[in-house]
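Subject: A structure for you to look at

Dear colleague,

I am passing on the structure we talked about, and I would be glad if you opened it and kept it in view while you read. My notes come after it.

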Amino acid sequence: MNTLHLQKTSFRLYSFKIDVSWFLKLREFVGKHSHNEALSLHFPASLKLTFNLGELRGILIPPVRGVKHLKLKLLNDYSPSAFEPLVDGILWSCYPEMLTMELGTKKNKFIEVLKDELQHTKNEKNSCCESTDIKCWRHDLKDFETEQFIGTKKRKPQVQRKMISFRFKW
Ligand SMILES: [Zn+2]
């Protein structure tokens, strides 16, 4: 978390190792700045990503306040094994009411993983986190819906982009 713009509340990530401690810092940030309506997270390159809540045993976890609108930007070139920790980390640290990102022209692997995880969570009784007192986001998700739309950039209104939004009920 080398660069942090409070006014815009956006993170551009230059750290190449992102783990559960990093997501804990993000959760603390979100908790302190909950008046910020929108938060942008920009993951510019492939990162080493892990998310293991067990590593936080014994650490006080701040309550989450949630972000109204989380905008996510990431490249589609992560290894598939990185998407699950990314989904887990982002939802656990931000508890967004809405998450928006560009769908892109190629198959968006992150979106696929996110949808799978959400559907699975909705359909199954969650038996994860049984052995630890720190619970993941799955235990709080009540419902979600998705919406696809065409977005334009303020500075380049002629460029149209396929976008997707998720609305979450926690
Ligand atoms: Zn869990």
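What follows is a walk through what was found, starting with the whole chain and ending with single residues.

Please bear in mind from the start that this is a predicted model. The mean pLDDT of the protein is 83, and 85% of its residues reach 70 or more. Residues 1-7 need some caution, since pLDDT stays under 50 over that stretch, for which the model has 10 contacts beyond four places in sequence. Where pLDDT is low, the predicted coordinates should not be read in detail.

In its overall make-up, the protein has 3 helices and 9 strands, and if you read along the sequence you will find them in the pattern β-β-β-α-β-β-β-α-β-α-β-β. Of the 170 residues in the protein, 24% are buried. Among the contacts with a separation of 6 or more, 80% are made by residues that stand 24 or more positions apart.

The helices may be a good place to begin looking. Helix α1 covers residues 20-32, and its axis comes within 8 Å of the axis of α2, the two crossing at roughly 25°. Angles under 35 degrees count as roughly parallel, and α1 and α2 are therefore described as roughly parallel to each other. The crossing in which α1 passes α2 is right-handed. On the α1 side the contact is made by Phe23, Leu26, Arg27 and Val30, and on the α2 side by Gly89, Trp92, Ser93 and Cys94. Sorted by class, the residues of this contact of α1 with α2 are 5 nonpolar, 2 polar and 1 charged.

Helix α2, which spans residues 80-94, also meets helix α3, residues 109-123, and here the axes come within 9 Å and cross at roughly 55°. That angle makes α2 oblique to α3. As α2 passes α3, the crossing is right-handed. The residues that make this contact are Pro80, Phe83, Glu84, Leu86 and Val87 from α2, together with Lys109, Phe110, Val113, Leu114 and Glu117 from α3. By class, the contact of α2 with α3 has 7 nonpolar residues, no polar ones and 3 charged ones.

From the helices we can turn to strand β7, which runs over residues 98-102 and holds Thr100. Is Thr100 buried or exposed? Thr100 counts as buried because it has 20 C-beta neighbours inside 10 Å. Leaving aside residues up to four places away in sequence, Thr100 touches His69, Lys71, Met163 and Ser165. One of these, Lys71, is 29 residues from Thr100 along the chain, yet the C-alpha atoms of the two are separated by 5.0 Å.

Leu99 is found in strand β7 as well, and with 22 other C-beta atoms within 10 Å, Leu99 is buried. Which residues does Leu99 touch, not counting those up to four places away in sequence? They are Leu70, Leu72, Ser165 and Phe166. Leu99 can also be set beside Thr146, which is 47 residues apart from it in sequence and 9.4 Å apart in space, C-alpha to C-alpha.

Met163, which was named above as a residue that Thr100 touches, comes up again with Phe149: these two are 14 residues apart in sequence and 5.3 Å apart in space, C-alpha to C-alpha. Phe149 has its place in strand β8, residues 143-152, and Phe149 counts as exposed because it has 11 C-beta neighbours inside 10 Å.

Two loop residues complete the tour. Glu55 lies in the loop between β5 (48-49) and β6 (69-74), and with 14 C-beta neighbours inside 10 Å it counts as partly exposed. Glu55 and Val20 are 35 residues apart in sequence, while their C-alpha atoms are 7.3 Å apart in space.

Tyr95 sits in the loop between α2 and β7 and is partly exposed, with 19 other C-beta atoms within 10 Å. What is the phi of Tyr95? Phi of Tyr95 is near 35°, a positive value in a residue other than glycine. Most residues other than glycine have a negative phi.

With best wishes,
A colleague

Methods: Residues numbered from 1 in each chain as written. Predicted model: local features only at pLDDT ≥ 70, side-chain atom pairs only at ≥ 80, totals over all residues. Axes fitted to C-alpha atoms, helices over the stretch in contact; angles between N-to-C directions. Helix = DSSP H or I, 4+ residues; strand = E, 2+ residues; numbered from the N terminus. Parallel < 35°, antiparallel > 145°, perpendicular 65-115°, else oblique. Left-handed = near helix turned anticlockwise from the far one by under 90°. Contact = placed C-beta atoms within 7 Å. Nonpolar A, V, L, I, M, F, W, Y, C, P; charged D, E, K, R; others polar. pLDDT = per-residue confidence, 0-100. Buried ≥ 20, exposed ≤ 12 C-beta atoms within 10 Å, placed from the backbone.
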